[in-house]
Amino acid sequence: MSLSHTVKPITPHVGALIQGIRLSGSPNPDILATIRKNLNRHLVLVFRDQQLEPNELRELVRHFGPLFHHHADEGVHYVPDIPEVLEIRKEPNDERLFGGGCWHADVTFRKPAGYVSVLHAQIIPTLGGDTVFSSTIAAFNGLSGGMQSLLRKLDAVHSYDGPGKPDHKTQCATHPVVRQHPCTNSEGIYLNKMFATRFDGMTAEESRPLIEFLDRHMCRPEYTCRVRWRGGQVVMWDNRFSLHYPINDFQGQRRSLLRCTALEA
Ligand code: SIN
């Protein structure tokens, strides 16, 4: 890895383009410290023109925590011999995009939950297939004091199968709705409509209106940035304080990215 870099924020609240850092090879401590510092500040980091083999992607992500091994499921494609790296793949005839259709953070249905995810673009549509990110810290700061106080008292149940289904037998966890960043002390909303089924101690029906409100609130354009993919691009994000939404608007084209996720330690 080399170190002589620039950092260009994408929006005031979320996202930065980091130039001058090569991610392949063995990570050196200065580079990792730079990445951590900027991830804490910007939550989503974009690195262009990278070339990482799947095992290099895995080794990079390993520096952020224990690697997540996704259980087998429809739409989950493992890279051969490297099961911690998934291929997020949509073929021209596929309708569904893995992770599409709903704002979410990765692996909130586990404890320890998802921390850093890294996506490395392989095949990108000529147009479309962007990923939008939002800062749940900016979203928390945009709430009234009364709502902030209410949320601090709540926990939520996150289940892999999502709302409307029984809790998943193994992939289900309860988390506080407000998290405090261990380095910046900022608070963020820890909830997403893909996996959060209800507030702990409430029914799904009682919980739904507030979950719906928070989902709409967290994806207000003011709190978001939109990342356009390029071949070779790497995007890294902090799942504890951001949500993302891959846009399924490229029917008839291929899109393939490699993803690896570290859990909280
Ligand atoms: C994901 O939801 O983790 C995948 C995001 C993407 O394909 O852009």
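Start with helix H4, which runs over residues 145-152 in this predicted model. Three of its residues, Met147, Gln148 and Leu151, are buried. They sit on the same side of H4, because together they cover an arc of only 100 degrees around the axis. That fits a general rule: an α-helix has 3.6 residues a turn, so residues three or four places apart point the same way. What do the buried residues of H4 pack against? Their partners are two helices, H3 (136-141) and H5 (204-218), plus two strands, E10 (178-180) and E11 (187-189).

Gln148 deserves a second look. This H4 residue has a relative accessible area of 14%, and the cut-off for buried is under 20%, so Gln148 counts as buried. Where does the side chain of Gln148 reach? It gets to the backbone oxygen of Phe140, at 2.7 Å. If you skip residues up to four places away in sequence, Gln148 touches Phe140, Asn141 and Leu143.

Now for the greasy parts. As a general matter, nonpolar side chains in soluble globular proteins tend to be buried together. Here the largest nonpolar core has 27 residues, and the ones touching the most other members are Leu23, Ile35, Phe47, Leu57, Phe64 and Met236. Quite a few elements chip in with two or more residues: helices H1 (29-42) and H2 (54-62), along with strands E2 (16-21), E3 (44-47), E5 (82-90), E6 (114-123), E14 (234-238) and E16 (255-263). H1 gives the most, with four residues.

Phe47 is a good place to zoom in on this core. Leaving out neighbours within four places in sequence, Phe47 is in contact with Ile18, Ile21, Leu23, Ile35, Gly232, Gln233, Val234 and Met236. Apart from this core lies another one, of 24 residues, and Leu151 from H4 is among them. Ala139, Val177 and Leu243 also belong to that second core.

Finally, look at the ligand. Which residues are around it? They are Ile88, Gly99, His104, Asp106, Leu119, Thr131, His244, Pro246, Arg255 and Arg259. Three of these side chains can be picked out for their polar atoms. An N or O atom in the side chain of Arg255 is 2.8 Å from a ligand oxygen, and the side chain of His104 has an N or O atom 2.9 Å from an oxygen of the ligand. For Asp106, a polar side-chain atom lies 3.4 Å from a ligand oxygen. On its own the ligand has 260 Å² of accessible area, and the protein covers 100% of that.

Terms used. Residues are numbered from 1 along each chain as its sequence is written. This is a predicted model: local features need pLDDT of at least 70, side-chain atom pairs count only at pLDDT 80 or more; totals for chains, interfaces and linings use all residues. Side-chain values use heavy atoms; hydrogens and water are left out. Buried means under 20% relative accessible area, exposed over 50%, partly exposed in between (1.4 Å probe, protein chains only). The arc is that of the directions from the helix axis to the C-beta atoms. Contact means heavy atoms within 4.5 Å. A nonpolar core is a set of buried Ala, Val, Leu, Ile, Met, Phe, Trp, Tyr and Cys residues joined through side-chain atoms within 4.5 Å. A residue is near a molecule or strand if one of its heavy atoms lies within 4 Å of it. A polar contact is a pair of N or O atoms within 3.5 Å; within protein, one must be able to donate a hydrogen and the other to accept it, and residues adjacent in sequence count only if both atoms are side-chain atoms. Accessible areas come from the Shrake-Rupley method with a 1.4 Å probe; for residues, only the protein chains shown count as cover.
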